[in-house]
Amino acid sequence: MAQRPGFPVKLQTKDKAPSVKAPTVKAPASKPASTNPHGLGLDSSAVRQRMVQKLAAQGLKDPMVLQAMGSVERHRFVESALVNQAYEDTSLPIGLGQTISKPNVVARMIELLREGAEGKLGRVLEIGTGCGYQAAVLSHVATEVYSIERLKGLHEKARANLRHFRLANVHLLFGDGMLGYPKGAPYAAIISAAGGETLPQAWLDQLALGGRLVAPTVTANGQQALMVVDKTDQGFKQSVLEAVHFVPLKSGIS
Ligand code: SAH
């Protein structure tokens with residue numbers, strides 16, 4: 001397979017997160033200040049390593065993806081009531097009727113994106129920022145990540161969640177991802193976290209030659225499946241992979 005282009009081009013973006021001061025909390029005099037603010041051992045990398053071992057046992061094998069999955073603290077993206085489930089292989093609600101995808105699905109889709117690519121991917125477009133988790137994982141495997149969300153509430157939540165990580169190569173955009181994001185095009189890879197009836201033309205247009213698109217899409221039997229599209233100099237090559245369950249891709253913003 002052709003190598004995925006690297007695109008050294010650096011685009012100017014204006015979405016620098018404003019710096020916020022963390023609230024200063026005084027520890028009570030009798031107790032030493034906690035080194036584990038969540039009190040659940042979730043700040044320990046061992047928790048994530050266990051998750052990575054499970055992913056590897058499930059057949060995921062791209063070292064760069066496993067490394068990324070092992071380094072992004074998923075518990076920082078879920079509500080405190082659900083934090084205990086953050087490293088289980090389950091999707092979880094993130095508000096406004098949307099969900100953070102299962103770790104297995106995130107890893108699988110990114111592994112598909114990287115298949116045949118040497119080193120990091122170039123610019124990647126993610127449709128459906130949600131809570132920002134997948135964007136954070138992508139930031140470890142790509143030079144630049146453009147992530148677009150149509151719900152203002154989630155766009156802002158992702159911005160707040162990601163502030164902690166200070167990922168200079170993640171650019172959060174508020175808008176309708178069905179139109180892609182022409183300013184960042186062409187993309188070495190496009191990944192959608194929401195499933196539509198068809199693949200929007202804008203995604204195909206904005207994909208670089210040699211680039212790959214991975215998106216859940218409704219197939220002939222009315223069920224969603226993962227669709228992989230490669231843009232080659234002989235045209236688009238499409239394959240339909242396993243069945244998946246993603247939230248619907250919707251047009252417009254809200
Ligand atoms: N990657 C996310 C998953 C979020 S769920 C995470 O790690 O949390 C999918 C998201 O796609 C939802 O937040 C939904 O609002 C968003 N979405 C659906 N249609 C969209 C569109 N046309 N443009 C941008 N975002 C869209």
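Biologist: What makes the pair between a nitrogen atom of the ligand and the side chain of E126 a polar contact?

Modeller: This is a predicted model, and in it the ligand nitrogen is 3.1 Å from an N or O atom in the side chain of E126. The cut-off is a pair of N or O atoms within 3.5 Å, so this pair counts.

Biologist: What about G128 and C131: which atoms of theirs come into play?

Modeller: Backbone ones. A polar backbone atom of G128 is 3.1 Å from a nitrogen atom of the ligand. For C131, a backbone N or O atom lies 3.2 Å from an oxygen atom of the ligand. Put 3.2 Å against the 3.5 Å limit, and the C131 pair is a polar contact too.

Biologist: How much of the ligand does the protein cover?

Modeller: On its own, the ligand has 580 Å² of accessible area, and the protein covers 99% of that.

Biologist: Which pocket does the ligand take up?

Modeller: The second largest one. To sit in a pocket, more than half of a molecule's atoms must lie within 2 Å of the pocket's grid points.

Biologist: Which elements give two or more residues to the shell around the ligand?

Modeller: They're β2 (98-100), β3 (121-127), α4 (133-138) and β4 (142-149). The largest share, three residues, is from β2.

Biologist: Which residues of the shell come nearest to the ligand?

Modeller: There are 27 residues around the ligand, and T99, E149, D176, G177 and K250 come nearest. Sorted by class, the shell holds 14 nonpolar, eight polar and five charged residues. Glycine is counted as polar, so G177 goes into the polar class.

Biologist: How much space is in that second largest pocket, and which residues are closest to its centre?

Modeller: About 650 Å³. Of the 42 residues lining it, T99, A193, A194, F246 and V247 are the closest to the centre. The element that gives the most to this lining is α3 (103-114), with four residues. The lining divides into 20 nonpolar, 14 polar and eight charged residues.

Biologist: How do you know what kind of peptide bond joins A185 and P186?

Modeller: Check omega: it's about 0° there, and the bond is cis. P186 is in the loop between β5 (170-174) and β6 (187-192).

Biologist: What makes L96 stand out, and where is it found?

Modeller: L96 has a positive phi, about 55°, although it isn't a glycine. You'll find L96 in the loop between β1 (92-95) and β2.

Key
Residues are numbered from 1 along each chain as its sequence is written. This is a predicted model: local features need pLDDT of at least 70, side-chain atom pairs count only at pLDDT 80 or more; totals for chains, interfaces and linings use all residues. Side-chain values use heavy atoms; hydrogens and water are left out. A residue is near a molecule or strand if one of its heavy atoms lies within 4 Å of it. A polar contact is a pair of N or O atoms within 3.5 Å; within protein, one must be able to donate a hydrogen and the other to accept it, and residues adjacent in sequence count only if both atoms are side-chain atoms. Accessible areas come from the Shrake-Rupley method with a 1.4 Å probe; for residues, only the protein chains shown count as cover. On a 1 Å grid over the protein atoms alone, a cavity is a set of points where a 1.4 Å probe fits but cannot get out, and a pocket is an open set with protein on both sides within 12 Å along at least five of seven lines; lining residues have an atom within 4 Å of a point. Grid points are joined across faces, edges and corners, and a volume is the space filled by probe spheres set on the points.
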